[in-house]
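Here is a short set of exercises to work through with the model open in your viewer. Try each task yourself before you read the solution.

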Amino acid sequence: MSVSDATRRLISELLGMLDKKVKVVLANGKEYEGVLVGFDHPGLNMVLSDAVDKEGNKYPKVVIYGGRISEVLVTEIPLFEPSDFAEYLIERLRLRKDAVKVVPEAGAVLVLGRIKVTEKGVEGSGPMAQNIHQVFEEYIEKRKAMLKG
């Protein structure tokens with residue numbers, strides 16, 4: 001694997017963390033938990049909203065210098081996993097595997113090159129989009145039940 005491939009994968013992972021609850025641990029041991037709303041590359045500076053530190057102090061926004069970050073931990077399990085949903089969709093609608101493409105860096109599944117599915121729902125219109133929406137709703141309900149226990 002080349003360095004540029006590894007960098008792309010890192011950026012893809014960070015993009016997947018956007019709008020998710022994370023814990024950022026700094027090199028000095030200080031910690032913040034909040035929703036990751038932004039980051040830059042290559043500095044890895046991060047912005048958290050609704051942040052709380054270890055002492056319980058609350059901050060509407062925290063900007064963290066990337067050079068001080070020791071760890072970034074996702075603290076919320078996502079309901080939507082693109083590769084898992086793609087397999088579920090292929091099975092439920094009996095689609096050809098080449099009709100469904102996972103786009104990990106976008107956290108999306110493309111169906112027939114025109115219908116996009118993300119954690120926010122289904123983008124597209126027509127009968128196929130409606131069928132995909134029904135399968136999406138089923139999938140989310142199954143994931144919720146699985147994550148509860």
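Helices and strands here are DSSP runs, a helix having at least four residues and a strand at least two, and they are numbered from the N terminus. With that in hand, G113 can be placed in the loop between strand 7 (108-111) and strand 8 (115-118). Please keep in mind that this is a predicted model.

**Exercise 1. The overall plan**

Task: Find how many helices and strands the protein has, and write down the pattern they follow along the sequence.

Solution. Start with the count: the protein has three helices and nine strands. Next, read along the sequence, which gives the pattern α-β-β-β-β-β-α-β-β-β-β-α. Then turn to the extent of the C-alpha trace, which spans about 55 × 40 × 25 Å along its principal axes. Finally, look at burial: of the 149 residues in the protein, 31% are buried. The cut-off for that label is a relative accessible area under 20%.

**Exercise 2. The partners of strand 1**

Task: Work out in which sense strand 1 pairs with strand 2, and over how many bridges. Then do likewise for strand 1 and strand 5.

Solution. Begin with strand 1 (residues 21-26) and strand 2 (residues 31-39), which pair in the antiparallel sense over five bridges. One bridge to look up is that of V25, whose partner in strand 2 is E31. Now follow the chain through the hairpin: four residues lie between the two strands, and G29 takes a positive phi near 95°.

For the second pairing, go to strand 5 (residues 69-74), which runs antiparallel to strand 1 and is joined to strand 1 by five bridges. Here K23 stands opposite L73.

A last step concerns the side chain of K23, which meets that of E31 in a salt bridge with an N to O distance of 3.6 Å. K23 counts as partly exposed because its relative accessibility is 22%.

**Exercise 3. A second hairpin and a loop glycine**

Task: Describe how strand 6 and strand 7 pair, and decide whether G113 is buried or exposed.

Solution. Strand 6 (residues 100-103) pairs with strand 7 in the antiparallel sense, over four bridges. In this pairing V102 stands opposite V109 of strand 7. The two strands form a hairpin with four residues between them, and in the turn G107 has a positive phi of about 60°.

Move on to G113, in the loop between strand 7 and strand 8. Its relative accessible area is 65%, so G113 is exposed. To place G113 in space, take the C-alpha distance to K101: the two are 8.0 Å apart, with a separation of twelve residues in sequence.

**Exercise 4. Salt bridges involving helix 3**

Task: Find the salt bridge partner of E138 and that of K144, and state which helix or helices each pair involves.

Solution. A search of the whole structure finds five salt bridges. In one of them, E138 pairs with R92, and the closest N and O atoms are 2.7 Å apart. This pair links distant parts of the chain, since E138 is in helix 3 (residues 127-148) and R92 is in helix 2, 46 residues apart. E138 is partly exposed because its relative accessible area is 29%, and R92 is partly exposed because its relative accessibility is 35%.

The pair of K144 and E141 has an N to O distance of 3.8 Å. Both residues lie in helix 3, three residues apart, about one turn of the helix. On accessibility, K144 has 36% and so counts as partly exposed; E141 has 47% and so counts as partly exposed.

**Exercise 5. Two surface patches**

Task: Identify which residues form the negative surface patch and which form the nonpolar one.

Solution. For the negative patch, the members are E81, D84, E87 and E91. Take D84 as a sample member: D84 lies in helix 2 (residues 82-93), and with a relative accessibility of 32% D84 counts as partly exposed.

The nonpolar patch is made of I77, L79, M146 and L147, which together have about 360 Å² of accessible area. I77 sits in the loop between strand 5 and helix 2. I77 is exposed because its relative accessible area is 59%, and the cut-off for exposed is over 50%.

Note on methods
Residues numbered from 1 in each chain as written. Predicted model: local features only at pLDDT ≥ 70, side-chain atom pairs only at ≥ 80, totals over all residues. Heavy atoms only, no water. Patch = residues over 30% accessible without salt bridge, like charges linked within 9 Å, V, L, I, M, F, W, Y side chains within 5 Å. Areas by Shrake-Rupley, 256 points an atom, 1.4 Å probe, with all protein chains shown as cover. Salt bridge = Lys/Arg side-chain N within 4 Å of Asp/Glu carboxyl O. Lys, Arg positive; Asp, Glu negative; His and termini not counted. Charge placed at Lys NZ, Arg CZ, Asp CG, Glu CD. Buried < 20%, exposed > 50% of the residue type's maximum accessible area, 1.4 Å probe, protein only. Pairing = 2+ DSSP bridges.
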